[in-house]
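User: I am new to this structure and would like a close look at a single part of it. Please take one cysteine, then follow what surrounds it and what it is joined to.

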Amino acid sequence: MSTNPGGPYYDNRGFQPEYNVYRHPENTNYANYPVQPYTFAGPASLPRVSAHHSLPSAEPVDSKSLCTPKTKKITCIVVSSVVILAIAIVAAVLIWYFVTNNHLFTCSSSGSNIKPSQWCDGIPHCPNGEDESQCMRLYGPNFMLQAYFSEKEDWFPVCLDNWNDAYGRQTCKDIGYNIDTYMSQGTSASTATSFMLLNTSSENIDLYRKLYNSKTCASGSVVTLRCIDCGTSSQKASNRIVGGSQASLGQWPWQVSLQYNWKHLCGGSIITPYWILTAAHCVEGDLSIAALWKVYPGILYIPSTSASWYRVDKIIFNKNYDSETKNNDIALMKLRSPISFNDNIKPICLPNFGMPWEAPKPCWTSGWGDTSGRDKGSPVLLAVSVPLISPSRCNARSVYDGLITASMICAGYLQGGKDSCRGDSGGPLVTDLNSLWWLVGDTSWGIGCASINKPGVYGNVTYFLSWIYEQMQANR
């Protein structure tokens, strides 16, 4: 956690070792990716663009020698017209392609696309059948339950008629949560003109197959579902944190210290009793050995000899993660035993679908990272307030010059001075909304720490929701 402007220059801290435990060769091959719209499935792999190279200049062409004679002017005009027409046709085709394919479902297991009409139609079209396993979702800050209807290629709220707690628990399990974490359900008015209704006479089929589309909902209410009690803190964030002050116990109860061979290496966030979300660059290469990791929740100081810790059973990182560009920098750790929650140890809420975060929403990031630029972490948990920065602003030439992809989100101050740093990697970027705390991102990379025009870059958790739930479903 850095609150110092300037300082030593770290060329993309995502590439750096966390306190020299694991070192990558220095790399400056950045990729310039277009920002893509959110798609339901995990993002397909993106093309890598090598760094700029010096190329020999071509021989200068004398335009007068080509077009000055009258006999060549007509040829030049015709050729120019043909070229312009060809460019226009190509542009039109590209626009048509991206518009018509914007809602394609991408099979995360193969990268292939299927049509919206084939999604949740009862027939698996993806190799792992994920197109039939994610047909219900939680939407918006009020946790509205929605189901996908393939015939209309759209999501619709689930009517409260005939609904009960048993269906709620089953839905949470289908989404990827443990039934034991089920919290409650509620109702909310809806302005929808179409609903998904529960057919209780249908037997011996899964819950989703019991739903059918209807223009009416007798109760006039829809299902809102909480699958886990998340996003609550024993203390509110105050102005004193803005300067990068010491956190207090229970203030950021989802924060964990991830220790490799008994040494703090990265941060992470509790999302369920069994699952920790962190950055892929924390667990790549030699660091992918699950047995050598230990998870410490509910602590303020490192080392903490009396604190309880948990063993890691499995490490899963996004298969499209690019170690050079830090694109898709997200990973999950599954624990061997569930974390016991209390006032100082609680999960953070994953954002629901339809919750894009907009600049300059204030967020907070926390960790035990470097504060001095000397590769020396803080012995106590620190937190600092950082506002979101829009992708267009962060991709400006003077900032990150197009390096920010749809899988990333920027937060910090362009004037520098406050930022996350080495040792904070994988830790949470959170914000509050509707009296709950939500996980916006995981600390990923940046150029320098708290440097001018180089804010922190975080993995965009909203972008990875489908991937996260898919892993939780497949690795119960």
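Analyst: Cys172 has a relative accessible area of 0% in this predicted model, and since buried means under 20%, Cys172 counts as buried. Cys172 is one of the buried residues of helix 3, which spans residues 165–175. The others in that list are Tyr167, Gly168, Thr171 and Ile175. Seen down the axis of helix 3, these buried residues fall within an arc of 140°, so they line one face of the helix. A general point about helices helps here: an α-helix has 3.6 residues a turn, so residues three or four places apart point the same way.

The next matter is what lies over that face. The cover of the buried residues of helix 3 includes strand 3 (136–139), strand 4 (144–149), strand 6 (184–189) and strand 7 (195–198). It also includes strand 9 (221–226) and helix 5 (465–474).

The two ends of helix 3 can be described as well. At its start, a side-chain oxygen of Asn164 comes to within 3.0 Å of the backbone nitrogen of Ala166. After the helix comes Gly176, which has a positive phi, near 140°.

Cys172 is also half of a disulfide. Its partner is Cys227, with an S to S distance of 2.1 Å. In general terms, a disulfide is a covalent bond between the sulfur atoms of two cysteines. The link of Cys172 and Cys227 has -85° about the S-S bond and is left-handed. Cys172 belongs to helix 3, while Cys227 lies in the loop between strand 9 and strand 10 (255–260), so the pair ties together parts that are 55 residues apart in sequence. Cys227 is buried too, with a relative accessible area of 3%.

Strand 9 therefore comes up twice: it is among the elements that cover the buried residues of helix 3, and the loop that holds Cys227 lies between strand 9 and strand 10. Two of its residues can be added to the picture. Ser221 is placed in strand 9 and counts as buried, at 17% relative accessibility. Leaving aside neighbours within four places in sequence, Ser221 is in contact with Cys159, Leu160, Thr187 and Ser188. Arg226, within the range of strand 9 (221–226), has its charged end over the ring of Phe143, 4.7 Å from the ring centre.

The loop between strand 9 and strand 10 takes part in another disulfide. Cys230 and Cys349 are joined, with their sulfur atoms 2.0 Å apart. This link has 95° about the S-S bond and is right-handed. It connects distant parts of the chain: Cys230 is in the loop between strand 9 and strand 10, and Cys349 is in the loop between strand 15 (331–335) and strand 16 (362–367), 119 residues apart. Both of these cysteines are buried.

A further disulfide joins Cys266 to Cys282, with an S to S distance of 2.1 Å. The torsion about its S-S bond is about -95°, so this disulfide is left-handed. Cys266 is in strand 11 (residues 263–270) and Cys282 is in the loop between strand 12 (275–278) and strand 13 (293–297), so the pair ties together parts that are 16 residues apart in sequence. Cys266 and Cys282 are both buried. The structure holds six disulfides; those of Cys172 with Cys227, Cys230 with Cys349 and Cys266 with Cys282 are among them.

Rings give some further context beyond the cysteines. The structure has 13 aromatic pairs. In one of them, the rings of Phe317 and Tyr321 have centres 6.4 Å apart and planes at 80°, so the pair is edge-to-face. Phe317 is partly exposed, at a relative accessible area of 37%, whereas Tyr321 counts as buried, at 12%. Ring pairs also link Trp252, Trp254, Trp364 and Trp437 into a cluster. Elsewhere, the charged end of Lys454 sits over the ring of Tyr400, 5.7 Å from its centre.

To return to the starting point, Cys172 is buried, sits among the residues that line one face of helix 3, and is joined by a disulfide to Cys227.

Terms used: Residues numbered from 1 in each chain as written. Predicted model: local features only at pLDDT ≥ 70, side-chain atom pairs only at ≥ 80, totals over all residues. Heavy atoms only, no water. Buried < 20%, exposed > 50% of the residue type's maximum accessible area, 1.4 Å probe, protein only. Helix = DSSP H or I, 4+ residues; strand = E, 2+ residues; numbered from the N terminus. Arc of directions from axis to C-beta. Contact = heavy atoms within 4.5 Å. Polar contact = N/O pair within 3.5 Å; in protein donor to acceptor, adjacent residues only side chain to side chain. Phe/Tyr/Trp six-rings, centres within 6.5 Å; stacked < 30°, edge-to-face > 60°. Lys NZ or Arg CZ within 6 Å of the ring centre and 35° of its normal. Disulfide = S-S within 2.5 Å.
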